[in-house]
Amino acid sequence: MNGPNEGAAARKIAGKALLYLILVVFCVITIYPLVWMLYSSVKTNGEIMMNSFALPSALHPENYAKAWTTAKIGTYFANSLVVTVLAIGLTLVCGASAAFMLAKFKFRSRDFVLSLFIVGMLIPMQAILVPLFIQMKDLRLIDTLASLVLAYTAFGLPLTIFVLESFIRSLPDSILEAAVLDGASLPRLFMCIILPMSGPAVATVAILNFLTNWKEFSLALIFISTEAKKTLPLGLYNFIGAYSTDYAQLMAAMTIASLPLIVMYALFQDRIIDGMADGAVKN
Amino acid sequence: MDSIFKNRKYIALGLAPAMIIYLVFVLYPIVRSFFYGFYDWNGLSKPVYVGLSNFAAILSDKVFWKSFWNNIYIVVVSVFGQIPLGLILAVILNRKMRGAMAFRFFFFMPMILSTVVVGLLWSTILNSQVGILNALLKALALGGLAQNWLGDPRFAMPVVGFIVVWQFFGLYMVILLAALQSIPKEIHESAALDGAGELTKLTRITVPMIWGAITASVVLCIAGGMRTFDLVFTMTQGGPAHATELMAIYMYNKTFDVYKYGYGSAVSLVIFAISFAFILSSRALMGKASSEGKGGEA
């Protein structure tokens, strides 16, 4: 009597197992290359040449030390950190103040200014690579970290303003009015009320800008030529020529470059996933 | 009271920093590229006005067309690879599976990596000496299939297409999963009661209901495919023999290898125009498809 039911239950379990199998297969294809990068980074070049699959027989953390100093990953890391942090700071200060104006102030050109920034999200960076290079040359900024800070800020502003404007607009006007009645000055209102209340939105755009700036390659490639000023993605690109057979060091260097991104991702995965998906769809 | 929120001086001061940076480093360069596209200029001497001849030269350059078709290849692989794959995984993860969040975390991970790292990592994986792909094939007694994957013009583009899908499918999965989660559960339940199978539910209910998200994904694939640069530049620099040349790589080589800034600006304008044309026409086509679909149901 319960034959058909058992059959249905068995089919349901088999179906579920099949779904898990699909997920696990894709998971392995996605993650194994990264796991391989991680464990190859503590093997010797000889071990990698002999058997690229095998796990390390002993740990060789000296690959990291070599990558950090010999391959100058330490210098690139420091440059990336400086550029990324300065660009985020500048983007947030400029972006939040503009977003505050656009969200709470009344002026005729408001819609025009906002749409000007929104248009920026549609412009592919490649389309202005050449003119931007010429611009930086004219401003004598070529081969400076400042060129990257300014360009990353300019490209980060549209999304930053877009997110912050809609968040600040949703804050109740009554709070602003109360603060003004209490005699708060405008800078004070901005620093002590608007910014703290926009905390979650500010954090989201800061994280998204961090990821974008830390990964950026194209602009660094055309702006920077001096070794000592290269950022991580550009410095890694050096490996293609100079260290192309030192695979262990390459893997260590790539792991160092990826670590801040992966830590950020592990800490803020929901914010990052939602923010990147939203930002992508807005584009 | 209201006056402070209408004070022009405050408004100008508040907007100025963002406006100045944005104007100087985004809007003005675009205007300038329109200008330089019509000039012959090597970056040092005085630009010479040459009318449309840069554009004529681009459109008659075989290498440009090769790169154009390679961009189209990436767009097609993205649209028909990433979106269906993203949709299938999103549908699976939408079924209250145990561990769904962990799978989502892992699938999205390649998205957050630097494209340079992805390019170098895959170059190593596909390397004919130390690469694990050929090693895997040998271990499976399929050593005959081992190839110099990126060095062979026959395989280079398919391999690039695979890696693009590998890096970005997680984004589409997340976009489509968010759309799926906004479909009310009752709709699926009543369809199940009506005896609709899984495939019918997918094609008749799920896909039409998230058509907006699918359209946005297609536009994203086109925009992304048209601007692909970093990944291929780090893996092949457009080689072997222009086999993986892309429009952005073509632009880079013309501008920074042979110092034809005017020509490079003209290439940027062409990329810009082509991307916009494709995005607008895909929007129009898919918008039409969705309104026809709705008309059919009504």
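Among contacts in chain A between residues at least 6 apart in sequence, what percentage join residues at least 24 apart? The share is 79%. The model described here is predicted.

**The two chains**

Chain A has 14 helices and zero strands. Read along the sequence, its pattern is therefore an unbroken run of α elements, α-α-α-α-α-α-α-α-α-α-α-α-α-α. Chain B holds 13 helices and two strands. The radius of gyration of chain B is 24 Å, well over the 19 Å that the globule rule gives for 298 residues, so chain B is more spread out than a compact globule. For chain A the radius of gyration is 25 Å, whereas a compact globule of 283 residues would have a value near 19 Å.

The table sets out some values for each chain.

| Chain | Span of the C-alpha trace along the principal axes | Buried residues |
|---|---|---|
| A | about 75 × 70 × 35 Å | 42% of 283 residues |
| B | about 75 × 75 × 40 Å | 42% of 298 residues |

In chain B, 71% of the contacts between residues at least 6 apart in sequence join residues at least 24 apart.

**Domains of chain A**

Chain A is divided into domain 1, residues 3–62, and domain 2, residues 65–282. The C-alpha centres of these two domains of chain A are 34 Å apart. Where the domains meet, domain 1 of chain A gives 11 residues to the contact and domain 2 of chain A gives nine residues. On the side of domain 1 that touches domain 2, the elements of chain A that give two or more residues are H1 and helix H2 (45–50). H1(A) supplies the largest share of that side, three residues. By residue type, the side of domain 1 of chain A that touches domain 2 divides into four nonpolar, five polar and two charged.

**Contact between the chains**

How many residues of chain A are in contact with chain B? The contact involves 71 residues of chain A and 68 residues of chain B. Helix H1 of chain A, residues 3–40, provides 10 residues, the largest share of the side of chain A that touches chain B. That side of chain A is made up of 55 nonpolar, 12 polar and four charged residues. H1(A) thus has the largest share both of the side of chain A that touches chain B and of the side of domain 1 of chain A that touches domain 2.

One residue of chain A with contacts to chain B is A:Ile273, found in helix H14 (residues 269–282) of chain A. Why does A:Ile273 count as buried? It has 24 other C-beta atoms within 10 Å, and the cut-off for a buried residue is 20 or more. Not counting residues up to four places away in sequence, A:Ile273 touches B:Phe108 and B:Val174. Within chain A, the C-alpha atoms of A:Ile273 and A:Leu208 are separated by 9.7 Å, and these two residues are 65 residues apart along the chain.

**Helix H1 of chain B**

Helix H1 of chain B covers residues 8–36. It has 29 residues, and its end C-alpha atoms are only 36 Å apart, short of the 42 Å that a straight helix would reach at 1.5 Å a residue. Where does H1(B) bend? The bend is at B:Leu23 and is about 45 degrees. Several residues of H1(B) are buried, among them B:Ile11, B:Gly14, B:Leu15 and B:Ala18. Buried residues of H1(B) also include B:Tyr22, B:Phe25, B:Pro29 and B:Tyr36.

**Backbone details in loops**

In chain A, the loop between helix H6 (129–138) and helix H7 (145–169) contains A:Arg140. A:Asp143 is found in the loop between H6 and H7 of chain A as well. Phi of A:Arg140 is near 55 degrees, a positive value in a residue other than glycine. A:Asp143 is not a glycine either, and has a positive phi of about 65 degrees. Are these residues buried or exposed? A:Arg140 counts as exposed because it has 9 C-beta neighbours inside 10 Å. A:Asp143 is partly exposed, with 13 other C-beta atoms within 10 Å.

In chain B, the peptide bond from B:Gly239 to B:Pro240 is cis, with omega near -10 degrees. B:Pro240 lies in the loop between helix H11 (230–235) and helix H12 (247–257) of chain B.

Definitions and conventions:
Residues numbered from 1 in each chain as written. Chains lettered and ligands numbered in written order. Predicted model: local features only at pLDDT ≥ 70, side-chain atom pairs only at ≥ 80, totals over all residues. Contact = placed C-beta atoms within 7 Å. Helix = DSSP H or I, 4+ residues; strand = E, 2+ residues; numbered from the N terminus. Nonpolar A, V, L, I, M, F, W, Y, C, P; charged D, E, K, R; others polar. Expected span 1.5 Å × (residues − 1). Bend = angle between axes of the 7 residues up to and from the residue. Buried ≥ 20, exposed ≤ 12 C-beta atoms within 10 Å, placed from the backbone. Domains from an automatic or database assignment. Rg over C-alpha atoms; globule rule 2.2 N^0.38 Å.
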